Amino acid sequence: MEKGGLARGGMDKRTVILGATLSLAFIAILAPFLGFAIDDAFIIYRYSEHLANGHGIVWNVGYGPEEGYTSFLWVLLNAGAVKFGASPVIFSKVFSLACSLAILWILAYRARTLSLGAGIILSGAIAFSPAFALLTAQGLETSLAALLLTLLGGAAISSAGKPNSRGPAFFFALFFLAFLARPDAAVFASGAAVTMGAIFLAKKDYSSLGKMTLAGGGALLLFLGYMGWRYFYFGHLLPNPYLVKIEAGQGLIKPRALASVISFVFAVLLPYLIYFVYSAARNWDRARFISVLPVLVGFVLHLLYLLTVLPIQAYLWRYVFPAYPAFLLATGYYLSGARPGKISERRWLSRALCAMVLIYCLATFPLAFEYKENKNSHDRIEAGKALSGLAGVMFVSESGAVPYYSGWRAIDLIGLNYRPIAEKGLDPVILEAIDPDLVLIHEPSGKYSPHLKNKIVVNEYMISNGFAAVAAVKKTEGEYHFYFARQDSPLFKKIAVRLNSIESVEYGDLGKLVWEKRMPIIDGRYRAAPGGGH
């Protein structure tokens, strides 16, 4: 019997063949999504470029530090790439792919002691997942966080099953890195750590408990040092996105978060959950169950925590997926000690089960393609590029590609990158202080008829300050981004011309789409001359 969750030793031929085959399958599934980038990724890129260029961790150059991102580690890695002359758009995709492939190989290695069918089912949960493929391609830290929690899960299984002197130190080093990658990873890691401590205490293994306490104390010092630096640098302990996502007025459990977690359970987790429960009941092994218990507890606590935060831009279960491969790793470890049963003896039945589970994974393809079409950033990328070279101020509901490519000073509607709005909400005084030349508003309904509180405040401000609707750029079928420019701004004509002269986007009819009748409308007379540029 093995002694750890990620056993030592070289990889056998079967592991290499399985890992290579599934890697090729994953790359094939990833290929249709390679050109996709979610708008939020450009928030990270802007912070990273400013940091790499010596401006510090700021959203607007020349202004104070802001913490409008979730992953500090992802900012650092992309800043390093920029420092060495790489594009963060390309680097983030390549690095994410490397992390996802590393997860696949870890699962393939874990599956080396299983039947071939069981190994394909276990590793195929990631390799044949269109949802995870798209999350890998979109430019955020999801794959990195998933890899760190997979390694952490392996360290937890090893430590709980057969403690060694280096296990706790490795576990808590991964704990700290996972926290830097995604702060909510601390919930998973804390659950695993407490469970490990309880296991050592129940076994009266005070030596392992002492080593774990010592390693945990070192990680705690790192954590306190990091939090102290954050407070000194930013002036607060909680990042702006956290304030936006908890939205205390909605209560502890957020309905949208509950729907997201439930959909993950039924669309992704269910067959593997059944597989694990069936195997655990049919081949009960107390020692192995205790070994994987820290991962199971961490995974459950992670899901419960996610019920309390608004899943903003968490489509295709982006907040859930980082902990999922660790659950698969635990499943593989437990199954590696199971006795052969009737299913593995009947090859046709094993193959049928394998096919059914993989079809279940591939069934998210339509959802992934829908997400790719609905959440693409093409129109904002082109708008940002069109506005580059002008020195303006914008107020936006989409705080990613347009500010990144334009280079303008930008403030966003919900305060992701502006602390006063994140803390107190939006009011006219803040808008007067910002004094924007341009306002970008996304209306999912496709009609500009503001009804949400923040959008109403913005609308009244624009009407009072002489803004006019200059362009409605199509995002996807039935959705538009509306651009409004201040008519007394020295940039007004240039803004109108540039935003109406983008060849690779579709425009909507402002007269039909702007239902706010008090809003002046520029009827399209501002166009660049053919071949005349901007």
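These are short exercises on a predicted model, each with a worked solution.

Residues are numbered from 1 along each chain as its sequence is written. Local features need pLDDT of at least 70, side-chain atom pairs count only at pLDDT 80 or more, and totals for chains, interfaces and linings use all residues, while side-chain values use heavy atoms and leave out hydrogens and water.

**Exercise 1. Place Ser377 and decide whether Ser377 is buried or exposed.**

Step 1. Find the loop between α17 (365-374) and α18 (378-387); Ser377 lies there. Helices are DSSP runs of H or I with at least four residues, numbered from the N terminus.

Step 2. Apply the cut-offs: buried is under 20% relative accessible area, exposed is over 50%, and partly exposed is in between, with a 1.4 Å probe and protein chains only. Ser377 has 3% relative accessibility, so Ser377 is buried.

Step 3. List the contacts (heavy atoms within 4.5 Å). Leaving out residues up to four places away in sequence, Ser377 touches Ala37, Ile38, Asp39 and Phe42.

Step 4. Look at Asp39 again. A polar atom of the Ser377 side chain lies 3.1 Å from the backbone nitrogen of Asp39.

**Exercise 2. Classify Ala173 by its relative accessible area.**

Step 1. Locate Ala173 in helix α8 (residues 167-181).

Step 2. Read the value. The relative accessible area is 40%, so Ala173 is partly exposed.

Step 3. Compare positions. Ala173 and Ser388 are 215 residues apart along the chain, and their C-alpha atoms are separated by 42 Å.

**Exercise 3. Describe how α18 and α23 cross.**

Step 1. Take the axes, lines fitted to C-alpha atoms over the stretch in contact; angles run from 0 to 180 degrees between N-to-C directions. The axes of α18 and helix α23 (residues 492-499) come within 9 Å and cross at roughly 140 degrees.

Step 2. Name the arrangement. Under 35 degrees is roughly parallel, over 145 roughly antiparallel, 65 to 115 roughly perpendicular, and the rest oblique. The pair α18 and α23 is therefore oblique.

Step 3. Find the residues that meet. Ala383, Ala386 and Leu387 of α18 meet Ile495, Arg498 and Leu499 of α23.

Step 4. Sort them by class. Ala, Val, Leu, Ile, Met, Phe, Trp, Tyr, Cys and Pro are nonpolar; Asp, Glu, Lys and Arg are charged; the others, Gly among them, are polar. This contact of α18 with α23 has five nonpolar, no polar and one charged residues.

Key. Helix = DSSP H or I, 4+ residues; strand = E, 2+ residues; numbered from the N terminus. Polar contact = N/O pair within 3.5 Å; in protein donor to acceptor, adjacent residues only side chain to side chain.
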